[in-house]
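Reader: I would like to go through this model by question and answer. Please keep the replies short.

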Amino acid sequence: MSGELSARLEAVVRATPSLMHVLTTVRGLALPDWLVFSGAVYQPVLNHLTGRDPDYGIKDYDLGYFDASDTSYEAEDVVIRQVAAVFEPPFQEMVEVRNQARVHLWFEQKFGEPYEPLTSSAQALSRFTSTVFAVGVRLEDDDRLTVHAPFGLEDLFAMRLRPNPSRATGGFLRTAQAAQRRWPELAILEA
């Protein structure tokens with residue numbers, strides 16, 4: 001991953017007050033192997049590139065953590081409630097928490113596609129529908145920003161929606177077109 005693009009991503013993240021609020025608050029919870037990812041990260045970049053408000057299009061903040069010690073919904077629900085308790089509205093309703101260690105238990109039933117168990121939150125990014133969506137960040141205790149982007153950041157900063165090259169999914173075109181409706185500047189590449 002390009003150091004220049006990582007630095008650009010970090011600058012956008014740090015200049016997005018709402019995202020920094022989520023990252024700072026979640027950091028205080030010390031969840032295992034946590035990341036904020038997908039639209040919460042790529043949408044502020046698109047907004048920066050197109051001159052929109054940093055929060056334009058943000059519907060939620062996807063927060064993944066990885067805890068294989070208990071993959072029950074009940075254990076995940078405890079964390080969901082713990083996270084909700086540290087936020088005030090509207091963030092209380094907007095931060096969506098999922099234990100990445102249990103995604104394989106419900107994914108196929110919900111989306112009709114098989115999903116092998118994950119070994120980390122970062123690995124989940126490699127399964128996202130588009131290279132642009134596959135970016136996650138974590139604010140470390142020393143204020144460093146850890147960036148995970150298994151497909152790099154080139155497509156994101158070039159505003160190219162490309163399907164995941166390692167996992168074909170049925171939902172790429174639908175999600176790409178939904179993103180393009182909000183950011184018409186996006187190019188959709190189907191191959």
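Reader: Is S38 buried or exposed?
Author: This is a predicted model. S38 sits in the loop between strand 1 (35-37) and helix 3. Buried means under 20% relative accessible area. S38 has 14% relative accessibility, so it counts as buried.

Reader: Which residues is S38 in contact with, leaving aside its neighbours within four places in sequence?
Author: S38 belongs to the lining of the largest pocket, and is one of the residues that lie nearest its centre. D62 and F128 are also among those nearest the centre. Leaving aside neighbours within four places in sequence, the contacts of S38 are D62, F128, F133 and V135.

Reader: Which helix supplies the largest share of the lining of the largest pocket?
Author: The pocket has a volume of about 1200 Å³, and 34 residues line it. Helix 3 (39-50), strand 2 (61-65), strand 3 (95-99), helix 6 (103-111) and helix 9 (172-182) each give at least two of these residues. The largest share is five residues, and the element that supplies it is helix 6.

Reader: How many residues of that lining are charged?
Author: Sort the lining by class. The nonpolar residues number 13 and the polar ones 10. The charged residues number 11.

Reader: How far apart are the end C-alpha atoms of helix 3?
Author: Helix 3 has 12 residues. At 1.5 Å a residue, it should span 16 Å. The model agrees with that: the end C-alpha atoms are 15 Å apart.

Reader: Which residues of helix 3 are buried?
Author: Nine of the 12 residues are buried, so the rest of the structure largely encloses helix 3. After the helix comes G51, with a positive phi near 75 degrees. The buried residues of helix 3 are G39, A40, V41, Y42, Q43, P44, V45, L46 and N47.

Reader: Which residues have the most contacts inside the largest nonpolar core?
Author: Nonpolar side chains tend to be buried together in soluble globular proteins. Here the largest nonpolar core has 59 residues. Those with the most contacts inside it are L9, L23, L31, V36, Y61, L63 and V83.

Reader: What does L31 contact beyond its neighbours within four places in sequence?
Author: L31 is among the core residues with the most contacts. Two others of that group, L63 and V83, are in contact with L31. The full set is V26, L63, Y65, V79, Q82 and V83.

Reader: Where is the cis peptide bond that has omega of about 0 degrees?
Author: One partner, P90, is in the loop between helix 4 (73-85) and helix 5. The omega value is about 0 degrees, and the bond joins P89 and P90.

Reader: How far apart in space are F91 and H21, C-alpha to C-alpha?
Author: F91 lies in helix 5 (residues 91-94) and is buried, with a relative accessible area of 16%. Not counting residues up to four places away in sequence, F91 touches S18, H21, V22 and Y61. F91 and H21 are 70 residues apart in sequence, yet their C-alpha distance is 9.2 Å.

Reader: What is the relative accessible area of D33?
Author: D33 is in the loop between helix 2 and strand 1, and A30 is in that loop too. Phi is positive at both, near 55 degrees for A30 and near 45 degrees for D33. A30 is exposed at 63%. D33 is partly exposed, with a relative accessible area of 31%.

Key: Residues are numbered from 1 along each chain as its sequence is written. This is a predicted model: local features need pLDDT of at least 70, side-chain atom pairs count only at pLDDT 80 or more; totals for chains, interfaces and linings use all residues. Side-chain values use heavy atoms; hydrogens and water are left out. A nonpolar core is a set of buried Ala, Val, Leu, Ile, Met, Phe, Trp, Tyr and Cys residues joined through side-chain atoms within 4.5 Å. Buried means under 20% relative accessible area, exposed over 50%, partly exposed in between (1.4 Å probe, protein chains only). Contact means heavy atoms within 4.5 Å. On a 1 Å grid over the protein atoms alone, a cavity is a set of points where a 1.4 Å probe fits but cannot get out, and a pocket is an open set with protein on both sides within 12 Å along at least five of seven lines; lining residues have an atom within 4 Å of a point. Grid points are joined across faces, edges and corners, and a volume is the space filled by probe spheres set on the points. Helices (H or I, at least four residues) and strands (E, at least two) are DSSP runs, numbered from the N terminus. Ala, Val, Leu, Ile, Met, Phe, Trp, Tyr, Cys and Pro count as nonpolar, Asp, Glu, Lys and Arg as charged, and the others, Gly among them, as polar. The expected span of a helix is 1.5 Å times one less than its number of residues.
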